[in-house]
Amino acid sequence: MEKDMIADILGYLDDNFQEDLGEVQKFMRLKSISATGEGIRETAEAVKDMIIRAGGTSELLETLGNPIIYGRMDEGADYTLLIYSMYDVLPAEEEDWISDPWMAKIHPFRDYGDCIIGRGAVNTKGPTAAFFRALMAYRKLREKLPVNLVFLIEGEEELSSESLQDFLEENKEKFADCDAMFFPSFGEENRIASIFMGVKGIISFELRAKGGTWGGPVDRGIHGAFAAWVANPAWRLVKALSTMIGENENDIRIDGFYDGILPLDPEKEHALRESADLLDEEEWRTAYDVDKFKWKLEGLELWKKMLTVPTLNIDGIRGGYIGEGSKTLLPHEAAVKMDIRLVPGMDPKTMLGKLRRHLDSHGYEDIEIVEFGKAYYPSSVPYYSTSVQTLKRMYEMMGARPQIWPWNPGSAPYYLFERILGIPYVTGGMGHGSRQHSSNEYCTVKGVLDFEKSMIYYLTLFPEIADELKTAAHD
């Protein structure tokens, strides 16, 4: 592909960017909080409208939870891309936002330049709206897109995509012609273009310690003075947690926790090493406000830990009195929300069983395990897949050398596309943004325009790369 093939489209994006920027902000101002249901229906209708305005057909398909937006743009092309995204976001209850998280205002932020500050800026309403603006530009200047598109945009990703698996299994025929899945997103989170060839899996749960036959008050919290002769469920929970992990959090002591983990295959190991010089530990620590890592390593070996090590994480602990001032209390219950991140070779169905056996063997049979949502399996796709190689070529044509990761340390329901639909996937695009799931989530204004242009490259390159790989496979 020659750059001048799309020069007019890129110029059109430059000329009309202020309008596009306003549309991105407008979409971000819709709340779409899946945890509460606020704004979900209104936002789903807005997504449906964006598909139609871009020249496609679209409908809301009901699930047991939030509706899924399904759509198509049939261009008579040889290849079909499944465009997956999400329209739901997390709440924004943090207190240190520099402006209203639902107003999507533009501020200079850190050393990033002008940024849109707001919930969904990077995860994932900002790139979703910008993607449709890029589609509209492409179709305004061309009769057709170079690929057919099928849209699947869900509203429960922040709820572990609870309805997605059933939806895909029941509607598999709607995606039978798809050659690959693409999740448009800002891929320069640490100001370096990235390619993730997969994701870790996850299972989320809560441990609950309550007073009972082992000790502790049963029905209500009592005066803290009685700790002299009544056991405390909060201490019991803390003691149980302490049996699970080593001194520096570098080893998880649940029997069999690491069983079955697969090593990096040579193809992924090579790809990671090829871009290892792009790894910037200082940039990462600055972006995430971290002073030091828990591993006494640096360079490639440190980054491999983040990618290849499963985790047992405490998300939050509650119990007793945590309000202002002092209140001496012996609580009757305490709980901790946790998650386990899984790497390839680990099965989420077995992990809670291992945790249960660990608690029982240490005398904590009374501590209850409550699972939340659906677990995600770990998943990855080959380096030489059409989705990955198109993204790599796209970055290179835009002057960016990508950092290549075997998989993302985060989690997403990508295993469903691999297992149910049998297609490769990738997520990415130009554009810088970060602080998802936190206060002052942002994307740079410049990054929105860069992202739009990268989508023009990706759509144009996909059939070319698909043909190249098909030819190579036959040779």
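Which residues are linked with Glu 206 in a network of salt bridges?

1. In this predicted model, the network of salt bridges that contains Glu 206 also takes in Arg 208, Arg 318 and Lys 337. Within this group, the side chains of Glu 206 and Lys 337 meet in a salt bridge with an N to O distance of 2.9 Å. The pair links distant parts of the chain, since Glu 206 belongs to strand E9 (residues 198-210) and Lys 337 to strand E13 (residues 333-342), with their positions 131 residues apart in the sequence. As for their surroundings, Glu 206 has a relative accessibility of 1% and so counts as buried, while Lys 337, with a relative accessible area of 37%, is partly exposed.

2. Strand E13 also holds Asp 339, an acidic residue that deserves a separate remark. Asp 339 has a relative accessible area of 5% and is therefore buried, the cut-off for that class being under 20%. When its neighbours within four places in sequence are left aside, Asp 339 is in contact with Ile 202, Ile 203, Ser 204, Phe 205, Thr 311, Leu 312, Asn 313 and Asp 315.

3. The structure holds 34 salt bridges, and another of these joins the side chains of Lys 453 and Asp 14, again at 2.9 Å from N to O. Because Lys 453 lies in helix H13 and Asp 14 in helix H1 (residues 7-15), this pair ties together parts that are 439 residues apart in sequence. Lys 453 counts as buried, at 17% relative accessibility, whereas Asp 14 counts as partly exposed, at 39%.

4. A salt bridge inside a single helix is formed by Glu 269 and Arg 273, whose closest N and O atoms are 2.9 Å apart. Both residues lie in helix H7 (residues 266-274), and their spacing of 4 residues corresponds to about one turn of the helix. Glu 269 counts as buried, with a relative accessibility of 18%, and Arg 273 counts as partly exposed, with a value of 44%.

5. Turning to the nonpolar interior, the largest core has 100 residues, and the members that touch the most others are Leu 81, Leu 82, Leu 135, Leu 149, Leu 168 and Phe 175. Helix H13 (residues 445-474) gives the most to this core, contributing 12 residues. A second, separate core of 36 residues includes Ala 209, Ala 240, Trp 303 and Leu 359. As background, nonpolar side chains tend to be buried together in soluble globular proteins.

6. Two members of the largest core, Leu 168 and Phe 175, can be followed through their contacts. Leu 168 lies in helix H5 (residues 164-170) and is buried, its relative accessible area being 0%. Not counting residues up to four places away in sequence, Leu 168 touches Leu 152, Phe 175, Leu 416, Phe 417, Ile 420 and Leu 421. For one of these partners, Phe 417, the C-alpha atom is separated from that of Leu 168 by 8.5 Å, although the two residues are 249 residues apart along the chain. Phe 175, with its neighbours within four places in sequence left aside, is in contact with Tyr 70, Leu 82, Val 150, Leu 152, Phe 167, Leu 168 and Leu 421.

7. How are helices H3 and H4 arranged where their axes cross? The axes of H3 (residues 40-53) and H4 (residues 125-141) come within 9 Å and cross at roughly 20°, which makes H3 roughly parallel to H4. Their crossing is left-handed. On the H3 side the contact is made by Thr 43, Met 50, Ile 51 and Arg 53, and on the H4 side by Lys 125, Ala 129, Phe 132, Arg 133 and Met 136.

8. Helix H4 also packs with H1, at an angle of about 130° and with the axes 10 Å apart, so H1 and H4 are oblique to each other. The crossing of H1 and H4 is right-handed. Here the contact is made by Asp 8, Ile 9, Tyr 12 and Leu 13 of H1, together with Ala 134, Ala 137, Tyr 138, Lys 140 and Leu 141 of H4.

Terms used: Residues are numbered from 1 along each chain as its sequence is written. This is a predicted model: local features need pLDDT of at least 70, side-chain atom pairs count only at pLDDT 80 or more; totals for chains, interfaces and linings use all residues. Side-chain values use heavy atoms; hydrogens and water are left out. A nonpolar core is a set of buried Ala, Val, Leu, Ile, Met, Phe, Trp, Tyr and Cys residues joined through side-chain atoms within 4.5 Å. Buried means under 20% relative accessible area, exposed over 50%, partly exposed in between (1.4 Å probe, protein chains only). Helices (H or I, at least four residues) and strands (E, at least two) are DSSP runs, numbered from the N terminus. Contact means heavy atoms within 4.5 Å. A salt bridge is a side-chain nitrogen of Lys or Arg within 4 Å of a carboxyl oxygen of Asp or Glu. Axes are lines fitted to C-alpha atoms, for helices over the stretch in contact, and angles run from 0 to 180 degrees between N-to-C directions. Angles under 35 degrees count as roughly parallel, over 145 as roughly antiparallel, 65 to 115 as roughly perpendicular and the rest as oblique. A crossing is left-handed if the near helix is turned anticlockwise from the far one by less than a right angle, and right-handed if clockwise.
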